Amino acid sequence: MGSTGFSWKLKDHPKLPKGKTVAVVVLDGWGEAAANQYNCIHVAQTPTMDSLKTGAPEKWRLVRAHGTAVGLPTEDDMGNSEVGHNALGAGRIFAQGAKLVDIALETGKIYDGEGFKYIKESFDNGTLHLIGLLSDGGVHSRLDQLQLLLKGASERGAKRIRVHILTDGRDVLDGSSVGFVETLENDLANLREKGIDARIASGGGRMYVTMDRYENDWEVVKRGWDAQVLGEAPHKFKNAVEAVKKLREIPNTNDQYLPPFVIVDEEGKSIGPIVDGDAVVTFNFRADRMVMLAKALEYEDFDKFDRVRFPKIRYAGMLQYDGELKLPSRYLVSPPEIERTSGEYLVHNGIRTFACSETVKFGHVTFFWNGNRSGYFNSELEEYVEIPSDSGITFNVQPKMKALEIAEKARDAILSGKFDQVRVNLPNGDMVGHTGDIEATVVACKAADEAVKMILDAIEQVGGIYVVTADHGNAEDMVKRNKKGEPLLDKNGKIQILTSHTLEPVPVAIGGPGLAPGVRFRKDVPNGGLANVAASVMNLHGFEAPEDYEPTLIEVVDN
């Protein structure tokens, strides 16, 4: 950028002073929705967050945290923590996840990339295996992308294709798996008519097979490995539609928890184990539930379970799932290039920065915040602290998680006087919300609120400023709804729990004794989103944001 006369130096804000300690608190999975018994934030005792909303209306507002506001393709795409923290930190909107893949497939760019060229080397003598979540949920994967990839690969020389499906029922309605499998079977039959040997080889439910995350339970990945790679599973069927229908009849079984199955030929032999010389693509675009499988497919040195055999394959992810681990090392679609994030600018302008969360969200408040970049910008000015998350239990068992410990670290950092920005993520609303346990999620929201109070009290003591926001919704609506917004019931008349993120907006609140008089939210950015928060935070540090950043949410009116 040298030729354009680029400088990291930020202009001083004409009306806002420098030198105030700014706390940036991100509540994970904390949206704003109608008050009812399925809104855990409403049900929970959250006096601190309530007071921010009612205490100073001109210092509290909502921003968009889903869809195009965070770089996703449509307004039906719920936000997630990765794209949310990218937007919060980058101050601009970048094409993300599904949208990156959509563009690469539409333009055909995906087939010119290094990743596709790499797997293509297996097409002549090997099988192409596609592993991923089969639904149109749009959170982890999308059926239409799989369909385009099947078409594109077969047109470019793939002669033998095996699809290893994971049924959903979490981001889409339970039972919808049957229809998705029928659609896929129809597509594969059309390919077979063209002389391409394309079949479904194995399957299982996403929560029981393959799609574990954060190393919670490697058995989940092993069940998938046994079916997909070894061709071994407790249930054997001649076709996948029959498999899914039959397995759904087992008591307490649903799409999410379908046991693993393999498709076998007349002799009872699996039709699609993964062997030396094959190519494998994991076609999910979302990372968190693919990382563990990626490790098993890629790492020579691996001790999480007995792989029995480790085939010599060409493996690529749809995207790179972990930028810190560079995993997988080959991928079909490159990540957005996010340069000049707010964190990097602020460090270049002397802002001493402290960031902290527990393991499950530590990467969000550092790596994703900093534009998918590992490590410090300047280790002399920054300190990042990771508190180990509870492991081996689901988060509803300990819904308070590490909120208190995170808040204590933030409080100590604020009171130390060593930092100008103290940034944290409180994961409770999201991680406990995902379990679908309403009572536990209420406890989680209360714990997060108490953590916010501890941080705000510290800001009060040092005469600082706070910015409290969120990355996307979750805990504020825990029930699936029909088009009219009424709760959906299952066949037994029970409510259908919503475990996913939502499309709801999230709050942003500013305040603290260090906030200059006359600072308030502008009225002329009604459609503001998470990306507008970065410029606002830069202003509160006493700087103007770069010109290409999304506009700030705040203004200073002369009293």
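The following dialogue between a biologist and a modeller concerns a predicted model of one protein chain.

Biologist: What makes the chain as compact as a globular protein of its length?

Modeller: The chain has a radius of gyration of 24 Å, and the globule rule gives 24 Å for 559 residues, so the chain is as compact as a globular protein of that length. Its secondary structure comprises 16 helices and 17 strands. The C-alpha trace spans about 80 × 60 × 40 Å along its principal axes.

Biologist: How many of the residues count as buried?

Modeller: Of the 559 residues, 59% count as buried. The chain exposes about 22,500 Å², and carbon and sulfur atoms supply 48% of that area.

Biologist: How are the charged side chains distributed?

Modeller: There are 65 positive and 81 negative side chains, and the centres of these two sets lie 1 Å apart.

Biologist: Why is Thr-441 called buried?

Modeller: Buried means under 20% relative accessible area. Thr-441 has 0% relative accessibility, and therefore it counts as buried. This residue lies in helix H15, which covers residues 438–462. Not counting residues up to four places away in sequence, Thr-441 touches Cys-40, Gly-429, Val-432, Gly-433, Ala-475 and Met-478.

Biologist: What makes the approach of Thr-441 to Val-432 a polar contact?

Modeller: The side chain of Thr-441 reaches the backbone oxygen of Val-432 at 3.4 Å. The cut-off for a polar contact is a pair of N or O atoms within 3.5 Å, so this distance satisfies it.

Biologist: Why is Asn-372 called partly exposed, whereas Thr-210 is called buried?

Modeller: Partly exposed residues lie between the limits of 20% and 50%. Asn-372 has 24% relative accessibility, so it counts as partly exposed. Thr-210 has a relative accessible area of 0%, which is under 20%, and it is therefore buried.

Biologist: What is notable about the backbone of these two residues, and where do they lie?

Modeller: Thr-210 has a phi near 75°, a positive value in a residue other than glycine. Asn-372 is not a glycine either, and its phi is positive at about 65°. Thr-210 lies in the loop between strand S5 (197–205) and helix H8 (218–228). Asn-372 lies in the loop between helix H12 (359–368) and strand S12 (382–387).

Biologist: Which peptide bond is cis, and where is its proline found?

Modeller: The bond from Leu-327 to Pro-328 is cis, with omega near -10°. Pro-328 is found in the loop between strand S9 (314–319) and strand S10 (331–333).

Biologist: How do you know that Val-26 is buried, and what does it contact?

Modeller: Val-26 has a relative accessible area of 0%, which is under 20%, so it is buried. Val-26 lies in strand S1, residues 22–27. Leaving aside neighbours within four places in sequence, its contacts include His-85, Leu-88, Trp-369 and Val-424. The C-alpha atoms of Val-26 and Pro-507 are separated by 10.0 Å, although the two residues are 481 residues apart along the chain.

Biologist: What share of the contacts join residues at least 24 apart?

Modeller: Among contacts between residues at least 6 apart in sequence, that share is 79%.

Biologist: Which residues of helix H4 are buried, and what do they pack against?

Modeller: In H4 (residues 97–107), the buried residues are Gly-97, Ala-98, Leu-100, Val-101, Asp-102, Ala-104 and Leu-105. They pack against helix H6 (143–155), S9 and S10. H4 is followed by Gly-108, which has a positive phi near 80°.

Terms used. Residues numbered from 1 in each chain as written. Predicted model: local features only at pLDDT ≥ 70, side-chain atom pairs only at ≥ 80, totals over all residues. Heavy atoms only, no water. Helix = DSSP H or I, 4+ residues; strand = E, 2+ residues; numbered from the N terminus. Rg over C-alpha atoms; globule rule 2.2 N^0.38 Å. Buried < 20%, exposed > 50% of the residue type's maximum accessible area, 1.4 Å probe, protein only. Contact = heavy atoms within 4.5 Å. Areas by Shrake-Rupley, 256 points an atom, 1.4 Å probe, with all protein chains shown as cover. Lys, Arg positive; Asp, Glu negative; His and termini not counted. Charge placed at Lys NZ, Arg CZ, Asp CG, Glu CD. Polar contact = N/O pair within 3.5 Å; in protein donor to acceptor, adjacent residues only side chain to side chain.
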